[in-house]
Amino acid sequence: MPQQRIVLANCEVIDPRDIETYVGRGGFTALAKARDTMSREDVIEAVKASGLRGRGGAGFSCGIKWELAAKTQAPEKFLICNADEGEMGTFKDRHILANDPFTLIEGMAIAAHAIGAKTAYIYLRAEYHYLADVITGAIDQARQKGYLANLDVQMREGAGSYMCGEESALMNSIEGHRGEARFRPPFPPTEGLWGSPTIINNVETLMNIAPIIANGPDWFSKIGTADSKGTKVFSVSGDVARPGVYELVMGSSLGELVTDLAGANGVKMVQIGGASGKLIPGDALDTKLSFETVLGSGAVTVFNESRCVIDIVHRDLEFLADESCGKCTPCRDGTEAMVEILARMSKGDAMEKDIGALEDLSQVMMLSSLCGLGQGAPIPVLDSLEHFRDEYEHRIARSQLLRRLPGSRHP
Ligand SMILES: Cc1cc2nc3c(=O)[nH]c(=O)nc-3n(C[C@H](O)[C@H](O)[C@H](O)COP(=O)(O)O)c2cc1C
């Protein structure tokens, strides 16, 4: 069976408002093991050996990132848990935070111990304000029980922008500035929050830390594929009978997730990774879910045969244009130009040059945008042109025909 619960092991089992229910299931023993029996280097080696890669989208090695921050000499270091989760169709972190804030706090305490951070932040999506009580309550209980030792864990509420989930914009937001991307290098592990070494990890990444320390890196690295270890939590929505949050072993197939578990039928395509996610056509449901193939943040949106691909891509780009921080021209103007073309196509006023224009814009944006928003925005455009080009061509041919009709508004 592809489902295995590592990250979600305590969800809907413990009471998120009562630390004793977590302690009763072995909670905080991994932290004690890390602090009392392992050096900082041992902890980092274990995370490296486990093969854990970041679950926030980019898939960078968690242990290597930690090592970089640990080795950087600085009077102060920070840890940030990225719980901004603004990606379209992503709601797995919300499920985790609502049901098991304790495993997250334990993972954060282990991470802070490993890199030498004395202050840690949970950056919570603004729209998840209703979860603030559960999270601060869990932090307070962990502090009162002495689990945090001298680590100061604080919660910061987000600024209501998708862009603030991007790590450099997130740091600007915590510092009280506009949530705009920063130029890199320097990268956060050497120069991040207020210029100090900073580790930023996704909620799900940090949820894996306590189980890895408790069970050992070999246990973890035996689960999954060659380059994608462990499990992945997905939020499935769209044209499915059973939308929700599912945790699957890395390397499971897309069909096992959307058809067997979520009950999809007549799938035209699946978008994986939100608005800038890849488009997988319905005849490729045997695609493996792993970093080697396709993964992203874990948003899986299913579209059935009744859906129009151009309309879907138009909606994706509208979202990205709205959310672009506007700092760099390729992203700010490129997403707007794409929206303009796709809106015209959606209305039935497509032109022959539109496909070439979308492809040219895509190249420029991917090569020259400042951050992942602009670099990733062309992905659904290019994927739809690869898999569903006939829909674009049909739209163009139909528009040309309409223009030739007497009385047309577009001569
Ligand atoms: C526009 C944009 C939004 C992002 N939003 C999030 C987010 O909400 N949560 C998240 O963990 N990572 C998000 N990321 C990725 C982060 O920049 C960063 O790579 C991640 O937090 C690193 O954590 P990880 O190594 O544990 O994956 C976003 C990236 C971009 C470009």
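This passage describes a sheet, two helices and the nonpolar core of a predicted model.

The sheet is open and consists of 5 strands, arranged in the order β6-β5-β9-β7-β8 with mixed pairing. The edge positions are held by β6 (244-249) and β8 (278-281); each has a single partner strand, so one side of each is left without a neighbour in the sheet. On average, and with direction ignored, neighbouring strands of this sheet are turned by 30 degrees against each other. The partner of β6 is strand β5 (residues 231-238), and the two pair in the antiparallel sense over 6 bridges. Within β6, Val249 is the residue that stands opposite Thr231. At the β8 edge, helix α17 (residues 378-387) lies across both β7 (267-272) and β8, and its course makes an angle of about 25 degrees with β8.

Strands β5 and β6 also take part in covering helix α5. In this helix (residues 92-99), the buried residues are Lys92, Asp93, Arg94, Ile96 and Leu97. Besides β5 and β6, the elements that cover these buried residues include β1 (78-83), α6 (101-115), α7 (132-144) and α9 (203-207).

The largest nonpolar core comprises 123 residues, and the most contacts inside this core are made by Leu79, Cys81, Met108, Ile110, Ala111, Leu257 and Val258. Helix α6 provides the largest share of the core, with 10 residues. When neighbours within four places in sequence are left aside, Met108 is in contact with Leu79, Cys81, Ala120, Val153 and Leu206. Two of these partners, Leu79 and Cys81, are themselves listed with Met108 among the core residues with the most contacts.

Terms used: Residues numbered from 1 in each chain as written. Predicted model: local features only at pLDDT ≥ 70, side-chain atom pairs only at ≥ 80, totals over all residues. Pairing = 2+ DSSP bridges. Helix = DSSP H or I, 4+ residues; strand = E, 2+ residues; numbered from the N terminus. Axes fitted to C-alpha atoms, helices over the stretch in contact; angles between N-to-C directions. Contact = placed C-beta atoms within 7 Å. Buried ≥ 20, exposed ≤ 12 C-beta atoms within 10 Å, placed from the backbone. Core = buried A, V, L, I, M, F, W, Y, C linked by C-beta atoms within 7 Å.
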